Amino acid sequence: MKSLQELTRPNIWNLKPYSSARDEYQGVEATVFLDANENPYNTPHNRYPDPMQWELKKQLANIKKVSPKHIFLGNGSDEAIDLVFRAFCEPGKDNVVAIDPTYGMYEVCAEVNDIAYRKVLLDEHFQFSADKLLAAADERTKLIFLCSPNNPTGNDLLHSEIEKLLRTFEGLVIVDEAYNDFSEAPSFLSQLESFPNLIVLQTFSKAWGCAAIRLGMAFASIEIISILSKIKYPYNVNQLTQQQAMEMLRKYYEIERWVKTIKEERGYLEAEFAKLPCAVSLFPSNANFFLVRVTDAVKIYNYLVGEGIIVRNRHKIALCGNCLRVTVGTRAENDMLLNALRRYGR
Ligand SMILES: *Cc1c(COP(=O)(O)O)cnc(C)c1O
């Protein structure tokens with residue numbers, strides 16, 4: 001790996017961060033807060049939230065088995081994705097490499113930040129090769145984006161290939177684990193110590209059932225986390241979100257039950273889809289959704305919309321011709337979808 005200073009944009013490396021009132025005060029015993037121009041009324045919402053979210057990070061650290069200093073929290077994982085571009089990629093000069101197809105936000109953030117986005121097509125099993133990604137990279141490639149289980153294909157990427165990439169790539173490797181809770185594959189979180197160029201992304205939006213509160217997590221070396229923390233908005237995670245997240249951490253057993261049920265429902269949907277005349281092929285999934293090739297994705301998508309059922313049409317995405325992406329719902333929702341598809345074409 002190159003040094004972090006070589007990988008970081010010089011203006012970011014030299015940046016002195018904005019220091020908020022809540023940053024500067026570090027004492028313990030204070031009871032009168034006249035430092036932040038807040039309104040003294042309307043407790044508790046009158047006070048600015050903790051800019052570094054230490055209490056929440058402490059509790060998360062217990063569950064994730066990493067030190068709080070290895071955690072960055074953002075307004076969804078989407079904030080962390082945008083910040084890695086802004087921290088490490090020089091607009092108009094640097095580039096990033098990513099598998100294709102994958103989560104659309106990497107490319108959108110690349111375009112917003114004027115960074116060339118180099119796509120490397122997955123193979124017919126939706127797997128990638130470390131060598132192919134490395135061949136697409138050059139001196140100005142700062143980041144490689146991986147997503148496992150991958151969206152929209154649903155499969156885990158090969159652990160051994162990810163490790164090979166981490167060992168050989170000179171820049172940073174982002175492993176997006178938004179769907180890892182639904183997979184049997186081990187998380188890369190336990191490998192942070194071995195790979196200083198690793199950034200793992202996770203989110204409260206999927207297994208944790210909290211898409212509305214917008215909370216994403218990035219795990220990386222203390223040095224990388226410090227850079228992301230330096231350039232984020234001072235109060236990027238609001239107080240209501242921090243509280244709700246801590247509430248969810250207290251009922252992690254509920255999340256385990258949801259995940260178990262969703263995986264069972266995924267099995268049920270896959271078995272029933274296999275019997276549908278309009279389903280041409282099903283792709284095995286380790287996520288809370290699956291990709292299915294159908295006889296005519298556009299027609300079936302529109303038919304389902306007419307029935308009040310929305311799935312994701314992935315027909316125009318690389319390798320996904322005539323494919324729909326179906327999120328696993330409750331048994332009642334899944335049966336409504338299945339019944340509509342059984343009626344299709346009759
Ligand atoms: C849904 C999803 C996310 C979650 O993004 P948030 O901003 O945390 O809601 C991240 N990565 C992938 C691949 C996703 O599919």
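Which residues of β1 are buried on one side, and which on the other? I71 and L73 are buried on one side and F72 and G74 on the other, so that both faces of the strand are covered. The legends below describe close-up views of a predicted model.

**View 1. Strand β1 pairs with β7.**
The two strands run antiparallel and are joined by 4 bridges. I71 of β1 has F219 of β7 as its bridge partner. I71 lies on the side of β1 that also carries L73, while F72 and G74 belong to the other side, and these four residues are all buried. Strand β1 covers residues 71-74 and is part of what covers the buried residues of helix α4.

**View 2. Helix α4 has a buried face.**
Helix α4 spans residues 54-64, and its buried residues include L56, K57, L60, A61 and K64. Viewed down the helix axis, the buried residues fall within an arc of 140°, so they line one face of α4. An α-helix has 3.6 residues a turn, so residues three or four places apart point the same way. The elements covering the buried residues of α4 include the strands β1, β6 and β7, together with helix α10 (239-250). K65 comes just after α4 and has a positive phi of about 60°.

**View 3. R214 and D78 form a salt bridge.**
The closest N and O atoms of this pair are 3.8 Å apart. R214 sits in the loop between β6 (198-203) and β7 (216-219), and D78 in helix α5 (residues 77-88), so the salt bridge ties together parts that are 136 residues apart in sequence. R214 is partly exposed, with a relative accessibility of 31%. D78 is partly exposed as well, at 22%. The structure holds 20 salt bridges, and the pair of R214 and D78 is one of the salt bridges shown in these views.

**View 4. D94, R140 and K142 form one salt-bridge network.**
Side chains of opposite charge can pair when their charged atoms come close. What is the N to O distance between the side chains of R140 and D94? They meet in a salt bridge at 2.7 Å. R140 lies in the loop between α7 (130-136) and β4 (141-147), and D94 in the loop between α5 and β2 (95-100); the pair links parts of the chain 46 residues apart. D94 also forms a salt bridge with K142, where the closest N and O atoms are 2.9 Å apart. K142 belongs to strand β4, so its pairing with the loop residue D94 ties together parts that are 48 residues apart in sequence. Through shared partners, the salt bridges join D94, R140 and K142 into one network. D94 and K142 are both buried, with D94 at 2% relative accessibility. R140 is partly exposed, at 38%.

**View 5. T141 is a buried residue of strand β4.**
Is T141 buried or exposed? Its relative accessibility is 2%, so T141 counts as buried. The side chain of T141 makes a polar contact of 2.6 Å with the side chain of N95. A polar atom of the T141 side chain also lies 2.8 Å from the backbone nitrogen of D138. Apart from neighbours within four places in sequence, T141 is in contact with N95, V96, V97, R118 and F169.

**View 6. Helix α12 lies across three strands of an open sheet.**
In what order do the strands of this sheet come? The 4 strands follow the order β8-β9-β11-β10, with antiparallel pairing. At the edges are β8 (279-282) and β10 (312-313), each of which pairs on one side only. Strands of a sheet pair through backbone hydrogen bonds, either parallel or antiparallel. Strand β10 is joined by 2 bridges to β11 (residues 323-327), and R312 has R325 of β11 as its bridge partner. Helix α12 (residues 297-306) lies across β9 (289-294), β10 and β11, and runs at about 35° to β11.

**View 7. G321 lies in the loop between β10 and β11.**
G321 is partly exposed, with a relative accessibility of 29%. Not counting residues up to four places away in sequence, G321 touches R293 and H315. The C-alpha atoms of G321 and A297 are separated by 8.0 Å, and these two residues are 24 residues apart along the chain.

Conventions: Residues numbered from 1 in each chain as written. Predicted model: local features only at pLDDT ≥ 70, side-chain atom pairs only at ≥ 80, totals over all residues. Heavy atoms only, no water. Pairing = 2+ DSSP bridges. Contact = heavy atoms within 4.5 Å. Axes fitted to C-alpha atoms, helices over the stretch in contact; angles between N-to-C directions. Salt bridge = Lys/Arg side-chain N within 4 Å of Asp/Glu carboxyl O. Buried < 20%, exposed > 50% of the residue type's maximum accessible area, 1.4 Å probe, protein only. Arc of directions from axis to C-beta. Polar contact = N/O pair within 3.5 Å; in protein donor to acceptor, adjacent residues only side chain to side chain.
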